[in-house]
Amino acid sequence: MTDFILEATGLKKYFTVKKDFFGRPRSFLRAVDGVDLKIKKGSTLGLVGESGCGKSTTGRTILRLTKPDYGKVSFQGKDIFALSKSELRKIRPKMQLIFQDPYSSLNGRMTVFELVSEAVAVHKIVPKSELRDYTEEICQKCGIAKSQLLRYPHEFSGGQRQRICIARALALKPEFVVADEPVSALDVSIQSQIINLLQDLKEEQKLSYLFISHDLSVVRHLCDDVAVMYMGKIVEKAPKSEIFANPLHPYTEALFSAIPTIDLSKKRKRIVLSGELPSAVNPPSGCPFHTRCHRCMDICKKVIPEEKQIGLSTVRCHIY
């Protein structure tokens, strides 16, 4: 019996950018380019990186909301890409997504009760006679009062809408949740409430999370392990305590040097990356980070680095 609830191996997702006269693809945007991830049962893996590096596409592909071009994802030992539609439908409630935007992800014509209870009724999570009580209980756990269930999304603030999104996902009794930047659109004071809510629900319901974020302070508070993504590739993976104390990849060093702190003894020297993010349609040869790396060597420009195990960390870099 594996200790991992989800394993992704060699995951690739390319989007066609140009086609020739006959409609055949000529160039691709490499959104996800050979990603390997493992998430332990009851733990949270933080996926971090710059905007546009492929984090959200990775989350959606793992849930089979986007069809992959190559790779395998095992959920509880089952290859979800090999499942038929009926087989996928049976395990779909166990894998849920909390969307990044709490405004566009809710149907404005449905009440809170309808939004949360709709999928519960479709998947027959509880008997029809218990649907109202069950929905009220889930909403209450997420900080939504019973008196608010007949209101519409436009009557709520951003933080309250995100609570509705969380309630909608958790109502299906999932075991694995992809949280795609669930607090990025919220004020700092509301962010802390949502983060604490996610943490409490994780401990109460034994959930496993893939937490996608660009806010490293949030990742440090919530996650057990961290994976750093750059141009569709995972460049470093490690337990949270290890990667924050000793980042190995130059890109990880640059990211972590920007974390604000009031403790001057722990403040890192700021590493400012030069140049712009290369095109994912025409990536540079060799290591994709070499055009911005302050520790670049000749080999970095020619050879793609292999993944290496350094202590508890895995890293793709020629330095090691």
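**Cores and cavities**

Let's start with one residue: leaving out anything up to four places away in sequence, Ile166 touches Ile98, Cys142, Ile194, Leu197, Leu198 and Leu201. Keep in mind that this is a predicted model.

Ile166 also belongs to a bigger picture. The largest nonpolar core has 58 residues, and Ile166 is one of those with the most contacts inside it, along with Val112, Ile164, Leu201, Phe211 and Val228. Which helix gives this core its largest share? That would be helix 5, residues 158-170, with six residues. Nonpolar side chains tend to be buried together in soluble globular proteins. Another core, of 29 residues, lies apart from the largest one, and Ala31, Ala227, Met229 and Ile234 are among its members.

Now for the empty spaces. How many cavities of 30 Å³ or more are there? The count comes to two. The largest has a volume of about 70 Å³. Its lining is made up of His249, Pro250, Cys287, Phe289, His290, Cys293, Arg295, Cys300, Cys317, His318 and Ile319. Sort that lining by class and you get seven nonpolar, three polar and one charged residues.

The second largest cavity comes in at about 60 Å³. Around it you'll find Lys233, Ile234, Val235, His249, Cys287, Pro288, Ile304, Pro305 and Arg316. Strand 10, residues 233-239, gives the most to this lining, with three residues. By class, the second largest cavity is lined by six nonpolar, one polar and two charged residues. Look for His249 and Cys287 in the structure: they line the largest cavity, and they line the second largest cavity too. Ile234 is also worth finding, since you've met this residue in the 29-residue core and in the lining of the second largest cavity.

Methods:
Residues are numbered from 1 along each chain as its sequence is written. This is a predicted model: local features need pLDDT of at least 70, side-chain atom pairs count only at pLDDT 80 or more; totals for chains, interfaces and linings use all residues. Side-chain values use heavy atoms; hydrogens and water are left out. On a 1 Å grid over the protein atoms alone, a cavity is a set of points where a 1.4 Å probe fits but cannot get out, and a pocket is an open set with protein on both sides within 12 Å along at least five of seven lines; lining residues have an atom within 4 Å of a point. Grid points are joined across faces, edges and corners, and a volume is the space filled by probe spheres set on the points. Ala, Val, Leu, Ile, Met, Phe, Trp, Tyr, Cys and Pro count as nonpolar, Asp, Glu, Lys and Arg as charged, and the others, Gly among them, as polar. Helices (H or I, at least four residues) and strands (E, at least two) are DSSP runs, numbered from the N terminus. A nonpolar core is a set of buried Ala, Val, Leu, Ile, Met, Phe, Trp, Tyr and Cys residues joined through side-chain atoms within 4.5 Å. Buried means under 20% relative accessible area, exposed over 50%, partly exposed in between (1.4 Å probe, protein chains only). Contact means heavy atoms within 4.5 Å.
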